[in-house]
Amino acid sequence: MAKSNASALPKVKNTMSWKNSFKRDWQLYLLLAFPVLMVILFSYAAYPGLRMVFMDYKPAKGYDGSAWVGMETFVKIFKDKDFHRALRNSVVFNLLDLLIGFPMPIILALILNELRFPRFKKVSQTVLYLPHFLSWAVIGSVAYTMFRPSTGLANIALMNLGVIKEGIPFLTEKWHWAVSYLLIGVWQTMGWGTIIYLAAITGISGELYEAAMIDGANRWKRMWHITLPGIKGTVVTMLIMNLGRIMGSNLERLTAFENSQVKDFQYQLAVYIYEKGLQNGKFSMSTAVNLFQSLVGVMLVLVADRVAKKLGEEGLL
Amino acid sequence: MAKKSVEVVRGAEMSSPDGSRAISRFRVSDLVMIIFVTVLCATCVVPFLHVAAKSISGDSYVIAKNIYFWPKGINFEAYKSIFKDGTLVYAMGYSVVVTVIFTILGLLVCTCAAYPLSKKRLKGKTFFTFILMVPMYFTAGIIPSYLLMKDLNLLDNMWVLVWPLIYSPYNMLIMKTFLQSNIPDSLEESAFLDGASNIQILTKIVVPLSKPIIATLSLFYAVGRWNSYADNMYYIKTDKLKLVNYKLYQMVASASEAQSATLSEAAAVTSTPEVLQAACIMFVTLPIICLYPFAQKYFVKGAMIGAVKG
C-alpha cells in the first residue's frame with residue numbers, strides 16, 4: 001500500500017549546507033522546537049530513571065542515596081511468585097485475545113463487504129463502531145449492570161425463562177470471568193478493527209471479481225481466492241503490530257473488571273507493575289518488570305517483522 | 001421479525017444492489033449474514049437501552065427485577081439527586097475544561113511537528129522524525145514517569161492530565177500523511193516566491209486547506225482525553241482533580257461487590273443504589289452518545305489515513 005511507495009521513494013540528497021537551510025527554514029525549526037521540547041521533557045527525561053532497575057531504590061533516599069545492586073532486582077523478580085502468576089496470566093490472556101480477537105474484525109469486514117443493502121450496512125457499521133468510543137469505566141459498569149448474579153439483566157432474563165435456577169457469576173467467578181473478559185474485549189474492538197480491512201478491500205480491483213464471476217466462481221470462492229489474498233498484506237501488518245502487545249495489557253480494562261473473587265486471573269503484568277510500584281512502593285521491582293515487558297514487546301515486533309519479510313510479505317518497519 | 005421479512009422481499013426484487021458484485025438472487029447466505037450482523041449490533045445497543053430504562057424507572061419495579069428495555073414508573077429522582085449532590089456535575093464540567101484545553105494544545109503541538117516534517121527539503125528531517133517517533137515504541141514506564149512528574153511539580157495538578165500526553169506520535173503521523181498527499185508543493189512554492197514566510201504559508205494556506213484533518217484530529221484528541229483515566233490513577237489524589245470517567249470507575253469499583261453506588265448519603269436516600277448507579281452511568285455516557293453520530297464519519301476518515309500509513 002502507500003507504505004511501500006514511501007519506502008520505495010528515491011532518497012533525495014539534501015545538498016544544501018546547514019547554514020543556508022537554516023536561513024531559509026528557521027521558522028520551521030522554531031515550530032519543531034515545541035514538540036521536541038515536549039518529548040524531551042516528558043518522555044526522554046524519564047529514561048535516566050530506568051537506572052533504578054540496577055538499584056535498590058528507596059523513595060525517601062532518591063537516586064543518589066539508594067544503593068547499587070547490579071542484577072539483584074532481576075534475580076528477585078524471577079524468583080517472585082507474584083511475577084510468575086502475572087506473567088502467566090498476561091501471556092495466556094493476551095494469546096487468547098489474539099486468537100479470538102484478531103480474526104473477528106477480518107470475518108466481520110468480509111461479511112460487511114458482502115451485505116446487500118447499503119443503508120443497512122451503513123447503520124450497522126455506525127452501531128458497531130460505538131464500543132470503541134466508550135471508556136473502560138463505562139463498559140465495566142454497564143457489564144456489571146448486565147451480568148451481576150442476582151440483579152444483572154442477563155441472569156434475570158435467563159431465570160425468568162427458566163433456563164437457570166441460580167444466577168451465573170459471569171464476572172465474579174474466575175473461569176466465567178475469563179470468558180466474559182475476553183468476549184467483552186473482542187466486542188469492544190471488533191467493529192473499529194474492520195475499518196482498516198474494509199479500506200484494503202476497496203483497493204481490490206473490481207475486474208478480478210468480474211472475471212471470477214464469468215468463470216463461475218461463487219461467493220465463497222471469490223471471498224477465499226480474491227478478497228482474502230487481496231488483504232493479506234494488511235492482515236500481516238496488523239498481526240505484527242498485535243504481537244507486540246502479547247506482554248502488555250490495558251490497566252484500565254483490567255481494573256474495570258476487578259473484584260476480589262477473580263484476582264487469580266485478573267492479576268496481570270500491568271496490575272503487577274501498578275500495585276507493586278505505586279501502591280506498595282517497590283519501585284525498582286515494578287520498573288524492572290515494566291522494562292522487561294516493553295523490551296519483550298519490541299523484540300517480538302522485530303522478530304515478527306523479520307519472519308514476515310522472509311515469507312515475502314511487506315512487513316512493518 | 002416482521003422487519004426482516006420485509007427486507008427479504010425487497011432484496012429479492014432488487015436486481016443489482018451493489019453494482020460490481022451483483023448477484024441477482026437473494027440467497028440464504030444473505031439472510032444468515034444479516035442476522036449475524038443484526039445480533040452483533042444488538043449487543044452494542046441493548047445494554048445501553050437497559051441502563052437508560054433502569055435509570056428513569058421507579059424503585060419498586062427495579063427491586064422487583066421488572067425492568068428490561070422499557071422504563072416503568074418513570075421518574076427522574078436519580079438524576080435530580082446527581083445534580084443535588086453535585087460531585088459528578090462538577091467532575092463533568094472539569095472534564096470538559098481539561099478536554100478542551102488538551103485538544104487545543106494537542107492540535108497546536110501536532111501541527112508544529114507535522115508541518116515541518118511534511119517538507120522533503122527540510123534538512124535533518126530524518127533526525128527529527130526519529131526523535132519524535134521513539135516514544136511511540138519505547139516508554140520509560142510508570143515509576144520513572146511518576147518520579148519525573150514529581151520533579152516537575154506536576155503531581156496532583158490539573159496540568160499533569162494535559163502536558164505529558166499532548167504530543168501523540170500517532171496523530172502526528174496522520175497529519176503528516178494528510179499534508180504530504182493533500183497540499184501540493186507548487187502552491188507553497190508560488191507563495192514562497194511571492195515573499196511569504198514559512199509561518200505565513202502555514203497559517204494562510206496550509207491550515208485553511210487542512211480543515212478536515214483538523215476536525216478529525218481534534219476529535220481523536222478529545223475522545224482520547226475524555227475516555228482515558230490511567231494517568232488519574234497514577235498522578236491524582238485530590239478528588240476535585242479527577243476526571244469524570246475515573247469517578248465513575250471508582251464508584252463501580254466500590255460497588256461491584258457491595259452492589260451499591262456511592263454518591264453521598266443524602267443522595268442515596270432518594271433512590272435505590274441500582275437506579276442511582278444506572279443514572280450515573282448514563283450521565284457520564286450521554287455526552288459521547290450524543291456527539292457520536294455526528295463525529296463518527298470524521299473518525300473513520302482519520303482511521304483510514306492512519307491505517308494506510310500502518
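Two residues are counted as being in contact if their C-beta atoms, placed from the backbone, lie within 7 Å. With that in mind, the reader can approach this structure, which is a predicted model, by way of chain B, where 67% of the contacts between residues at least 6 apart in sequence join residues that are at least 24 apart. Chain B has 15 helices and 0 strands, and of its 310 residues 38% are buried.

Chain B does not stand alone, for it touches chain A in a contact that takes 79 residues from chain A and 86 residues from chain B. On the side of chain A that touches chain B, the element that gives the most is helix α2 of chain A, residues 18–42, with 13 residues. Sorted by class, the residues on that side of chain A comprise 50 nonpolar, 21 polar and 8 charged ones.

One place where helices of the two chains meet is the pairing of helix α8 of chain A (residues 136–147) with helix α2 of chain B (residues 28–55), whose axes come within 10 Å and cross at roughly 80°. Since angles of 65 to 115 degrees count as roughly perpendicular, α8(A) is therefore described as roughly perpendicular to α2(B). From α8(A) the contact is made by A:Val142, A:Thr145 and A:Met146, while α2(B) brings B:Pro47, B:Phe48, B:His50 and B:Val51. In this contact of α8(A) with α2(B), 5 residues are nonpolar, 2 are polar and none is charged.

A crossing within chain A can be read in the same manner. Helix α4 (residues 72–79) of chain A and helix α17 (residues 283–310) of chain A have axes that come within 10 Å and cross at roughly 80°, and α4(A) and α17(A) are therefore roughly perpendicular to each other. The residues that make this contact are A:Thr73, A:Phe74, A:Lys76 and A:Ile77 on α4(A), and A:Ser284, A:Met285, A:Ala288 and A:Val289 on α17(A). The contact of α4(A) with α17(A) is made up of 5 nonpolar, 2 polar and 1 charged residues.

From these crossings we can turn to the interior. The largest nonpolar core holds 144 residues, and those that touch the most other members are A:Ala137, B:Ala113, B:Met175, B:Leu248, B:Ala279, B:Cys280 and B:Ile281. Helix α15 of chain B, residues 273–309, gives the most to this core, with 11 residues. The core also draws at least three residues from each of domain 1 (2–74) and domain 2 (86–258) of chain B. What does B:Ala113 touch, leaving aside residues up to four places away in sequence? The neighbours of B:Ala113 are A:Leu32 and A:Pro35 from chain A, together with B:Leu132, B:Tyr167 and B:Met172 from chain B.

Helix α7 of chain B (residues 142–151) is largely enclosed by the rest of the structure, because 8 of its 10 residues are buried. These buried residues of α7(B) are B:Ile142, B:Ile143, B:Pro144, B:Ser145, B:Tyr146, B:Leu147, B:Leu148 and B:Met149. They pack against α16 (269–279) and α17 of chain A, and also against α12 (230–235) of chain B.

After α7(B) comes B:Asn153, in the loop between α7 and α8 (169–182) of chain B. The phi of B:Asn153 is near 60°, which is a positive value in a residue other than glycine. Is B:Asn153 buried or exposed? B:Asn153 is exposed, because 10 other C-beta atoms lie within 10 Å, and a residue counts as exposed if there are 12 or fewer. A positive phi, of about 55°, is also found at B:Lys65, although B:Lys65 is not a glycine. B:Lys65 lies in the loop between α3 (59–63) and α4 (77–85) of chain B, and is partly exposed, with 17 other C-beta atoms within 10 Å.

Two threonines of chain A complete the tour. A:Thr255, in helix α14 (residues 251–256) of chain A, is buried, with 21 other C-beta atoms within 10 Å. Although A:Thr255 and A:Gly140 are 115 residues apart along the chain, their C-alpha atoms are separated by 8.8 Å. A:Thr151 belongs to the loop between α8 and α9 (153–160) of chain A and counts as partly exposed, with 18 C-beta neighbours inside 10 Å. The C-alpha atom of A:Thr151 is separated by 8.6 Å from that of A:Gly167, which is 16 residues away along the chain.

Definitions and conventions
Residues are numbered from 1 along each chain as its sequence is written. Chains are lettered from A and ligands numbered from 1 in the order in which they are written. This is a predicted model: local features need pLDDT of at least 70, side-chain atom pairs count only at pLDDT 80 or more; totals for chains, interfaces and linings use all residues. Helices (H or I, at least four residues) and strands (E, at least two) are DSSP runs, numbered from the N terminus. A residue is buried if 20 or more other C-beta atoms lie within 10 Å of its own, exposed if 12 or fewer, and partly exposed in between; C-beta atoms are placed from the backbone. Ala, Val, Leu, Ile, Met, Phe, Trp, Tyr, Cys and Pro count as nonpolar, Asp, Glu, Lys and Arg as charged, and the others, Gly among them, as polar. Axes are lines fitted to C-alpha atoms, for helices over the stretch in contact, and angles run from 0 to 180 degrees between N-to-C directions. Angles under 35 degrees count as roughly parallel, over 145 as roughly antiparallel, 65 to 115 as roughly perpendicular and the rest as oblique. A nonpolar core is a set of buried Ala, Val, Leu, Ile, Met, Phe, Trp, Tyr and Cys residues joined through C-beta atoms within 7 Å. Domain bounds come from an automatic or database domain assignment.
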